[in-house]
Amino acid sequence: MVEFMAAVAEQIKKNLGDTLNAFGGHEVAWREVGAYVFSQAVISTLYLALFLGAYLVVIGLVRLVVGKRNVKSPMFRHGRSGLRYLAGLGALLIILAQFGAGVEFLKAASRAGLLALSFYVAWLVSRRLTTETLRRNQLDASIQQLAGNVLSVVMATFAVVTILAQFGFDLLSIVAGLGIVGIAVGFAAQSTLSNFIAGITLLIERPFRIGDWVTINGQDGKVVKIALRTTWLRTRDNIFTMIPNDSVASSEIVNYSAEGATRLNIPVGIAYKESAKAARDIIMPVLLAHPEVLQSPGMEPRVVLKNLGDSSVDLEVKIWITPDNLDVQPGIMAEVLEQIKETLDEAGIEIPFPHLQLFVDEAKGLKPLFESLYPEIRPDRPVERE
């Protein structure tokens, strides 16, 4: 095994040596290369330790100044992230200088790093101001999300272009290239652009908002996110569904939360021999006692006679629930229906099931057979069969 590993190492060394010889044109001195790499790794580690120690000292002093109460504030976290970034940038620049990077490149890299930090700070401030302004004007979360996404894209684009300019890239060429690439991407990604435009349309027209319960393309769910390309729904089974905005904008949308409280209709059947009024008097206390059923004026629970069915008198229980309870709507309906059945059973009111009545008229040929099998049944009387 040892001889095999030694052979593998020798082969790798030979292959690397041949490759470097091909590029450099002279024999590789592996001892010198190893010593150089080891010394540079040690020096780089020392530099990293130096910057890490400086960062820890500064953070410790800041903690003492601001106090323990303010350490968890967003301002302190952002400041700590900025110090980490500056420490990492300084360590990167000094390591690049150690490996022979030119002065002009180091200046460009330092300017690019500071500009990136400046754009990040500007993005944080702009996002905070935009969010506060939209909240002050009482705009909903979907518009805030749209403004935040657009702001992030614009700031990121300007940051990339400005940083590339520090390394000698021509801004006009970059912008022209982006325009050409944009046209090409537009033809290649028509579906994505269509979803993007549809997402902006949805956020402007607002057929639904974040937190609403909707039905889109036959899919029920709660709107948890309206992105620029897709709309995210969460079902009652905690399953997330992402629907393309183009499909959302062109489909029928049912919004259960747009007008506040929602009415639930629960069918209940009783036998024809039972009284609909008696059943209503028994069911109403169940509805009035349920904690999730609204009792507000105009939204009182009711029991109405809906239909005279083939086997039952069909009643309909109408109750109202708040938009917050749409998450548990099936559970509320199940609880109410179970309590109604228990109450009807206790009162002796029959809940029928489908049955068939057979009438035998003038069937004289069947009389001997019926008399032999069912002596107690006469052909001129109806026979009930379940």
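## Residue classes and the largest pocket

In what follows, Ala, Val, Leu, Ile, Met, Phe, Trp, Tyr, Cys and Pro count as nonpolar, Asp, Glu, Lys and Arg as charged, and the others, Gly among them, as polar. On that basis, the lining of the largest pocket in this predicted model divides into seven nonpolar, three polar and two charged residues. The space in this pocket comes to about 350 Å³.

The lining is made up of Pro74, Met75, His78, Gly79, Gly82, Leu117, Tyr120, Val121, Leu124, Val125, Arg127 and Arg128. Helix 3 (74-98) and helix 4 (103-136) each supply at least two of these residues, and helix 4 gives the most, with seven.

## Packing of helix 3 against helix 4

The two helices that supply the pocket lining also pack against each other, their axes coming within 10 Å and crossing at roughly 170°. Because angles over 145 degrees count as roughly antiparallel, helix 3 is roughly antiparallel to helix 4.

On the side of helix 3, the contact is made by His78, Gly82, Tyr85, Leu86, Leu89, Leu93, Leu96 and Ala97; helix 4 contributes Phe105, Leu106, Ala109, Ser110, Gly113, Leu114, Ala116, Leu117, Tyr120 and Leu124. By class, the residues of this contact divide into 14 nonpolar and four polar, with no charged residue. His78 and Gly82 of helix 3, together with Leu117, Tyr120 and Leu124 of helix 4, are among the residues that take part in this contact and also line the largest pocket.

## Packing of helix 9 against helix 10

Further along the chain, the axes of helix 9 (residues 276-289) and helix 10 (residues 329-347) come within 10 Å and cross at roughly 140°. That angle makes helix 9 oblique to helix 10, and the crossing in which helix 9 passes helix 10 is right-handed.

From helix 9, the residues Ala279, Ile282, Ile283, Val286 and Leu287 meet Val336, Gln339, Ile340, Thr343, Leu344 and Ala347 of helix 10. The residues of this contact divide into nine nonpolar and two polar, and no charged residue is found among them.

Technical notes. Residues are numbered from 1 along each chain as its sequence is written. This is a predicted model: local features need pLDDT of at least 70, side-chain atom pairs count only at pLDDT 80 or more; totals for chains, interfaces and linings use all residues. Side-chain values use heavy atoms; hydrogens and water are left out. Axes are lines fitted to C-alpha atoms, for helices over the stretch in contact, and angles run from 0 to 180 degrees between N-to-C directions. Helices (H or I, at least four residues) and strands (E, at least two) are DSSP runs, numbered from the N terminus. Angles under 35 degrees count as roughly parallel, over 145 as roughly antiparallel, 65 to 115 as roughly perpendicular and the rest as oblique. A crossing is left-handed if the near helix is turned anticlockwise from the far one by less than a right angle, and right-handed if clockwise. Contact means heavy atoms within 4.5 Å. On a 1 Å grid over the protein atoms alone, a cavity is a set of points where a 1.4 Å probe fits but cannot get out, and a pocket is an open set with protein on both sides within 12 Å along at least five of seven lines; lining residues have an atom within 4 Å of a point. Grid points are joined across faces, edges and corners, and a volume is the space filled by probe spheres set on the points.
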